[in-house]
Amino acid sequence: MNEIKIFSPGTVANVSCGFDVMGFCLDNVGDEMVIRKIDQKGIRISKIEGFDLPYEVDKNVAGISALAMYEALNLDFGFEIEIYKKIKPGSGIGSSAASAVGSVFGMNELLNRPFNKTELTEFAMKGEAFISKSEHADNIGPAIFGGFILAKSVSPLQILEIPSPIDLYATIIHPQIEIKTADARALLPKEVSLQDAIKQWANLGGLVHGLHTGDYEVIKSSLQDVIVEPHRSKLIPHFNHVKKAALNAGALGSGISGSGPSIFSLSKGQETALNVKDAIEKIYSKTGIDFDIHVSKINTQGIKILN
Ligand code: HSE
């Protein structure tokens, strides 16, 4: 096999209480990429459609992660990457992670899988770190592993796969404004109070427990972020209004997806997730801000081959 086409999914990082450590994978939102073996050594990006992104390999997240993997090998041929970008950069649903993961996953498949998922996550994190100025795996991890993951440690990298109850659905609104992850990180406080930390780790533990046991009430009471959301929500127009409407429509919880501006809600059952979508749509259609809105099952497979 000399060429592979893949679907690289969008992801929701943080999941309210799990800043930088928790994330899950979306089903119907993602990029497509083609990875091809070429005679010429090295990595080249030959096509980018959808958004205006750099073709220079060392400035493009897909190129940077591909290079990290390529340099760990000793090959007498190279790879060419085509990117069909569907996830808008700066959307908060793992746009850079999808690019970073796509190239390394595709190369690994063409090489008959010399690397495992944890190693692929490590290579992809190099691309993500270039954009966000920080190494975190809460978008990369779910894109590669699927489902929910907890990035227990980045050095050494330890990804724990967390099961998701079958009836859990996400509703994601993506207001068409851009928030750069590096900017959204820069406004966070360097220190937090012990009181807030206690609430946050109790919620994260509760969320992990609720996902393992399928206890929707525990999931609901745990989807709270007392540390990051109060700062970042100011960057997202109508955030509080949207969150309130989602909860009133029956969502278990609602919060900022990654570093925003997307807002995720989790619901028990597709019908509730669709009601949440309607409620949010009603609010945002009056704001004059363009938006996309999706309902997605939790994607337990992660990145996949299309051909
Ligand atoms: N955990 C990261 C953040 C995800 O919220 O900054 C976005 O890359």
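How many cavities of 30 Å³ or more does the count come to? The model examined here is predicted, and the count comes to 1 cavity of that size or more.

The largest cavity holds about 50 Å³ of space. Its lining consists of Asn14, Ser16, Phe19, Asp225, Val228, Glu229, Arg232, Ile256 and Gly258. By class, this lining divides into 3 nonpolar, 3 polar and 3 charged residues. Where does the largest cavity lie with respect to domain 1 (3-162) and domain 2 (168-297)? Both domains give residues to its lining, so the largest cavity lies between them.

The ligand is a separate matter: the ligand sits in the largest pocket. There are 13 residues around the ligand, and Asn14, Asp20, Asp138, Arg185 and Arg232 come nearest. Two of these names, Asn14 and Arg232, also appear in the lining of the largest cavity. The shell around the ligand has 2 nonpolar, 6 polar and 5 charged residues. Domain 1 (3-162) and domain 2 (168-297) each supply at least three residues to this shell.

The table gives some side-chain contacts with the ligand.

| Residue | Ligand atom | Distance to a polar side-chain atom |
|---|---|---|
| Asp20 | nitrogen | 2.5 Å |
| Asp138 | nitrogen | 2.7 Å |
| Arg185 | oxygen | 2.6 Å |

Taken alone, the ligand exposes 260 Å², and the protein buries 97% of that area.

Conventions. Residues numbered from 1 in each chain as written. Predicted model: local features only at pLDDT ≥ 70, side-chain atom pairs only at ≥ 80, totals over all residues. Heavy atoms only, no water. Near = heavy atom within 4 Å. Polar contact = N/O pair within 3.5 Å; in protein donor to acceptor, adjacent residues only side chain to side chain. Areas by Shrake-Rupley, 256 points an atom, 1.4 Å probe, with all protein chains shown as cover. 1 Å grid on protein atoms, 1.4 Å probe; cavity = no way out; pocket = protein on both sides within 12 Å on 5 of 7 lines; lining within 4 Å. Sits in = over half its atoms within 2 Å of the grid points. Nonpolar A, V, L, I, M, F, W, Y, C, P; charged D, E, K, R; others polar. Domains from an automatic or database assignment. Points joined across faces, edges and corners; volume = space filled by probe spheres on them.
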